[in-house]
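Trainee: I would like a close look at a single part of this model, the central sheet and the annotated positions beside it. Please take me through it in one connected account.

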Amino acid sequence: MSEQRTTAVGGMETSYGFRNVGAGDKQGLVNEVFHKVANRYDMMNDLMSGGLHRVWKDAMVAWLNPPRRPGWKVLDVAGGTGDIAFRIVDASHGNAHATVLDINGSMLGVGRERAEKRGLADKTDFVEANAEELPFTDETFDAYTIAFGIRNVPRIDVALLEAYRVLKPGGRLMVLEFSEVEMPLLDKIYETWSFNAIPRIGQAVTGEGEPYAYLVESIRKFPNQQNFAAMITRAGFDRVTFRNYTGGIAALHSGWKL
């Protein structure tokens with residue numbers, strides 16, 4: 001495992017990429033990153049994953065397998081642009097209701113506009129709030145999803161406890177996140193691409209290189225698959241497992257509230 005990675009014990013709460021910041025400072029810095037890239041979020045993920053994030057997100061929703069019955073509710077956290085929520089509603093044939101929660105108003109603005117254009121405004125809600133303090137009562141949702149957002153939450157352990165709280169008994173947590181590459185040659189290729197190419201392309205295409213440098217560094221700080229699975233288990237979830245995608249560039253974690 002990379003020496004730069006944090007572990008199940010913690011460390012992400014004071015890590016802004018490779019910089020250590022004061023307790024309470026990370027959230028504001030992360031917010032500024034996403035204000036800058038909100039209108040180019042898909043482009044950002046395309047750069048980070050070589051376009052594969054779309055395939056991984058489809059796989060996430062397929063494994064979630066939302067039922068085609070009315071009344072099933074999912075909370076999609078850090079999903080302001082609606083990317084996952086729209087997929088879930090479509091997969092349920094319009095029966096699921098998705099609440100999209102994001103701390104960043106700029107991201108939510110993009111999502112609301114997209115929901116209107118897709119005719120899904122009545123199937124989606126958009127809520128501006130913090131993943132560490134969800135504004136919902138206990139046992140509200142059938143599923144909780146978060147894609148490429150958990151590493152940007154300062155206190156990941158608190159967010160996982162909140163996920164457990166708002167899920168109904170039998171509810172499911174699904175977390176898709178960039179992770180530790182487990183193939184040596186691919187690891188070197190991906191690292192070279194990430195640190196050398198992505199910030200430069202981001203600067204050339206969007207005029208903003210620094211947000212992309214942070215996002216690359218945050219991937220290298222995030223706990224590996226086994227350590228993050230341990231964090232999910234510690235939050236109270238059962239039947240915790242994960243699937244690697246593309247040699248571990250991304251991993252999809254699943255846990256149940258039983």
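Mentor: Bear in mind that this is a predicted model. A good entry point is asparagine 130, where the side chain reaches the backbone nitrogen of glutamate 132 at 2.9 Å. Asparagine 130 sits in the loop that runs between strand 5 (124-128) and strand 6 (141-147). With a relative accessible area of 24%, asparagine 130 is partly exposed, because the cut-off for buried is under 20%. Setting aside residues up to four places away in sequence, asparagine 130 touches Gln27, Leu101 and Ile103.

Alanine 131 belongs to the loop between strand 5 and strand 6. Its relative accessibility is 8%, so alanine 131 counts as buried. Once neighbours within four places in sequence are left aside, the contacts of alanine 131 are Val77, Leu101, Val153, Ala159 and Glu162. Leu101 thus appears in the contact lists of asparagine 130 and alanine 131.

Both positions also carry an annotation. An unreviewed UniProt entry lists Thr81, Asp102, Asn130 and Ala131 under "binding site". From this set, Asp102, Asn130 and Ala131 take part in the lining of the largest cavity. The annotation comes from the record, and such annotations may be inferred rather than shown by experiment.

Now the sheet itself. Seven strands form an open sheet in the order 5-4-3-6-7-9-8, and the pairing is mixed. Strand 5 and strand 8 are at the edges and have a single partner strand each, so one side of each lacks a neighbour in the sheet. From one strand to the next, the twist averages 15°. As background, strands of a sheet pair through backbone hydrogen bonds, in either the parallel or the antiparallel sense.

Both senses can be followed here. Strand 3 (residues 73-77) pairs with strand 4 in the parallel sense, over five bridges. One position to look at is lysine 73, with histidine 97 in strand 4 as its bridge partner. Five of the six residues of strand 4 are buried, so the rest of the structure largely encloses this strand.

The loop between helix 4 (83-91) and strand 4 (97-102) contains histidine 93. Phi of histidine 93 is near 60°, which is a positive value in a residue other than glycine. Histidine 93 has 54% relative accessibility and therefore counts as exposed.

At the edge formed by strand 8, the pairing is antiparallel: six bridges join strand 8 to strand 9 (residues 250-256). Among the residues involved, tyrosine 245 has alanine 250 in strand 9 as its bridge partner. Helix 9 (residues 225-234) packs on the sheet and touches strand 7 (167-178), strand 8 and strand 9. The direction of helix 9 makes about 155° with that of strand 8.

Arginine 239 lies within strand 8 (residues 238-245). Its phi is near 50°, again positive in a residue other than glycine. Arginine 239 counts as exposed, because its relative accessibility is 58% and the cut-off for exposed is over 50%.

To put the pieces together, strand 5 is one edge of the sheet, and the loop between strand 5 and strand 6 holds asparagine 130 and alanine 131. Strand 8 is the other edge, with helix 9 packed on the sheet and touching strand 8.

Key
Residues are numbered from 1 along each chain as its sequence is written. This is a predicted model: local features need pLDDT of at least 70, side-chain atom pairs count only at pLDDT 80 or more; totals for chains, interfaces and linings use all residues. Side-chain values use heavy atoms; hydrogens and water are left out. On a 1 Å grid over the protein atoms alone, a cavity is a set of points where a 1.4 Å probe fits but cannot get out, and a pocket is an open set with protein on both sides within 12 Å along at least five of seven lines; lining residues have an atom within 4 Å of a point. Helices (H or I, at least four residues) and strands (E, at least two) are DSSP runs, numbered from the N terminus. Buried means under 20% relative accessible area, exposed over 50%, partly exposed in between (1.4 Å probe, protein chains only). Contact means heavy atoms within 4.5 Å. A polar contact is a pair of N or O atoms within 3.5 Å; within protein, one must be able to donate a hydrogen and the other to accept it, and residues adjacent in sequence count only if both atoms are side-chain atoms. Two strands pair if DSSP finds at least two bridges between them. Axes are lines fitted to C-alpha atoms, for helices over the stretch in contact, and angles run from 0 to 180 degrees between N-to-C directions.
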